Amino acid sequence: MTDVLTRLSETIAARADADPDSSHTARMLSRGPEKCAEKFGEEAIEAIIEAAKGNTDKLTYEAADVVYHLMVMLTARGIAWADVLTELERREGTSGIAEKASRT
Ligand SMILES: N=c1c2ncn([C@@H]3O[C@H](COP(=O)(O)OP(=O)(O)OP(=O)(O)O)[C@@H](O)[C@H]3O)c2ncn1[C@@H]1O[C@H](COP(=O)(O)O)[C@@H](O)[C@H]1O
């Protein structure tokens, strides 16, 4: 059984050729990668505001918007969700503190 994020990434990829009048994803992708990046930034700021306020219900809702728009932005730049998962897997088990120390 595929997880919801993988299913969502597949839906977004499939919407690339869809009608922008009936698909929000197709509309975003038709506007180009810069607009997709701008929209991701707007959604991230909305999530930041709710996090700062401590409004947990709204933060959960905004977080879902952020994830969706992150995936749309990645798709607009031709990056597969599977590649992001591969990068996360590569990092698994490595502390961020240890990783940062190894850079210096
Ligand atoms: N997860 C989402 C999702 N999250 C948010 N949104 C849409 O993102 C839009 C954000 O609204 P805003 O008012 O902020 O932005 P906007 O209407 O584009 O306005 P502008 O910023 O362009 O002026 C809304 O229309 C939301 O419905 C999403 N649209 C689609 N999905 C998923 O994508 C699938 C495919 O959707 P379609 O591509 O629309 O078929 C759906 O089945 C869902 O699983």
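This note goes through the ligand site of a predicted model and then turns to a surface patch.

1. The shell around the ligand is made up of L8, T11, R15, S23, H24, T25, R31, K39, E43, D65, Y68 and H69. Sorted by character, these shell residues fall into five charged, five polar and two nonpolar, a division worth keeping in view when reading the contacts below.

2. Oxygen atoms of the ligand take part in the polar pairs listed here, and the partner on the protein side may be a side-chain or a backbone atom. For T25, a polar side-chain atom is placed 2.6 Å from a ligand oxygen, while for R15 the distance from a polar side-chain atom to an oxygen atom of the ligand is 2.9 Å. With H24, by contrast, a polar backbone atom is the partner, and an oxygen atom of the ligand lies 2.7 Å from that atom.

3. Taken on its own, the ligand has 840 Å² of accessible area, of which the protein covers 52%. Two or more residues of the surrounding shell are given by each of the helices α1 (4-14), α2 (24-30), α3 (33-53) and α4 (56-76). Of these elements, α4 supplies the largest share, which amounts to three residues.

4. Apart from the ligand site, the surface carries a nonpolar patch of about 290 Å², to which I45, I48 and I49 contribute. I45 sits in helix α3, and α3 is also among the elements that give two or more residues to the shell around the ligand.

Notes
Residues are numbered from 1 along each chain as its sequence is written. This is a predicted model: local features need pLDDT of at least 70, side-chain atom pairs count only at pLDDT 80 or more; totals for chains, interfaces and linings use all residues. Side-chain values use heavy atoms; hydrogens and water are left out. A residue is near a molecule or strand if one of its heavy atoms lies within 4 Å of it. A polar contact is a pair of N or O atoms within 3.5 Å; within protein, one must be able to donate a hydrogen and the other to accept it, and residues adjacent in sequence count only if both atoms are side-chain atoms. Accessible areas come from the Shrake-Rupley method with a 1.4 Å probe; for residues, only the protein chains shown count as cover. Helices (H or I, at least four residues) and strands (E, at least two) are DSSP runs, numbered from the N terminus. Ala, Val, Leu, Ile, Met, Phe, Trp, Tyr, Cys and Pro count as nonpolar, Asp, Glu, Lys and Arg as charged, and the others, Gly among them, as polar. Patches are made of residues with over 30% relative accessible area and no salt bridge: like charges are joined within 9 Å, nonpolar side chains (Val, Leu, Ile, Met, Phe, Trp, Tyr) within 5 Å. A salt bridge is a side-chain nitrogen of Lys or Arg within 4 Å of a carboxyl oxygen of Asp or Glu.
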